[in-house]
Each structure stands twice: as structure tokens, then as C-alpha cells.
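Welcome! Please take a look at the sequence and the model below, and then read on for a short guided tour.

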Amino acid sequence: MKILILNGPNLNRLGKRKPEIYGSRTMAQILLDIQRNWPDVHFVYKQSNHEGDLIDWLQEANDKCQISNDLYAGIVLNAGGYSHTSVALRDAVEESEV
């Protein structure tokens, strides 16, 4: 089973940016914990500070599934600040069949 994890802007700064608010754990540490808890799952992780990258990756996952049946069991999207500002990202999520 494969799960795609997409993180948006500034999430690469976890553990460094405002640790009193966001905590001191880095994304690398969090991903290690995820993999340890679900060792039979193949996680594909991507992060970008650019909205278009997130949209491209969502569309790419959708296209890949339609063409080759190389399916993700799911996608975890933490769009960061784009969660409440991006109509384009919302449209890409709505289009996704994964």
C-alpha cells in the first residue's frame, strides 16, 4: 500500500520555527515515527513552499492512477496557509480521484 503525504509552505521549518507554538520535532522525526508505526505502508513524502508544486503533485497522482493503476491508497495533504486561501488547490483536490 502507498500513501502520498504532501506538505505545504513552511512545514519544512518544523522544529525550528516557533517551537513554542509548533513544537521542537522536525518533519524528518515525524516521518520516522509514521514509518515505524506503519512499517507495511510505503509513504511518499513531498513538501513545497510553492502552491503550484502541490497542485502539480496532486494532478500527477491522479493522472498516474488513471494511466497505470499505480494507485495510492490515499493522500494526506497539509496545505499549511494554503488551506484557507487557495481556490486553485481546492479545485485540484476536488478533481483528484485518489
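## A first stop: Lys18 and its loop

Lys18 has a relative accessible area of 42%, so this residue counts as partly exposed. You can find Lys18 in the loop that links strand 1 to helix 1. Its backbone is worth a look too: phi of Lys18 is near 45 degrees, a positive value in a residue other than glycine.

The loop between strand 1 and helix 1 (19–22) also holds Asn10. Phi of Asn10 is near 70 degrees, again a positive value in a residue that is not glycine. With a relative accessible area of 40%, Asn10 is partly exposed.

## The overall picture

Keep in mind as you explore that this is a predicted model. How many helices and strands does the protein have? There are 4 helices and 3 strands. Starting at the N terminus, the order of these elements is β-α-α-β-α-β-α.

The C-alpha trace spans about 45 × 35 × 15 Å along its principal axes. The protein has 98 residues, and 31% of them count as buried. Its accessible surface comes to about 6,300 Å², with 50% of that belonging to carbon and sulfur atoms. The protein carries 10 positive and 13 negative charges, and the mean positions of the two groups lie 12 Å apart.

## Strand 1 and its two partners

Now turn to strand 1, which covers residues 2–7. Is strand 1 largely enclosed or largely open? Of its 6 residues, 6 are buried, so the strand is largely enclosed by the rest of the structure. In a regular strand, side chains alternate between the two faces of the sheet. Here, Lys2, Leu4 and Leu6 point one way from strand 1, while Ile3, Ile5 and Asn7 point the other way, and all are buried.

Which strands pair with strand 1? One partner is strand 2 (residues 42–47), which runs parallel to strand 1 and is joined to it by 6 bridges. Within this pairing, Ile3 has Phe43 as its bridge partner. The other is strand 3 (residues 74–78), also paired with strand 1 in the parallel sense, over 5 bridges. There, Leu6 stands opposite Leu77.

## The nonpolar core

The largest nonpolar core has 13 residues, and those with the most contacts inside it are Leu4, Leu6, Leu54, Leu58, Tyr72, Tyr82 and Leu89. Strand 1, helix 3 (51–68) and helix 4 (87–95) each supply at least two residues of this core. Which element gives the largest share? That is helix 3, with 5 residues.

Leu54 shows how parts of the chain come together here. Setting aside neighbours within four places in sequence, Leu54 is in contact with Leu6, Asn7, Gly8, Tyr82 and Leu89.

## Links across the sequence

Helix 4 is also home to Asp91. At 38% relative accessibility, Asp91 counts as partly exposed. Asp91 and Ile55 are 36 residues apart in sequence, yet their C-alpha atoms are 8.9 Å apart in space.

For the wider view, take the contacts between residues at least 6 apart in sequence: 73% of these join residues at least 24 apart.

Note on methods
Residues numbered from 1 in each chain as written. Predicted model: local features only at pLDDT ≥ 70, side-chain atom pairs only at ≥ 80, totals over all residues. Heavy atoms only, no water. Core = buried A, V, L, I, M, F, W, Y, C linked by side-chain atoms within 4.5 Å. Buried < 20%, exposed > 50% of the residue type's maximum accessible area, 1.4 Å probe, protein only. Contact = heavy atoms within 4.5 Å. Pairing = 2+ DSSP bridges. Areas by Shrake-Rupley, 256 points an atom, 1.4 Å probe, with all protein chains shown as cover. Lys, Arg positive; Asp, Glu negative; His and termini not counted. Charge placed at Lys NZ, Arg CZ, Asp CG, Glu CD.
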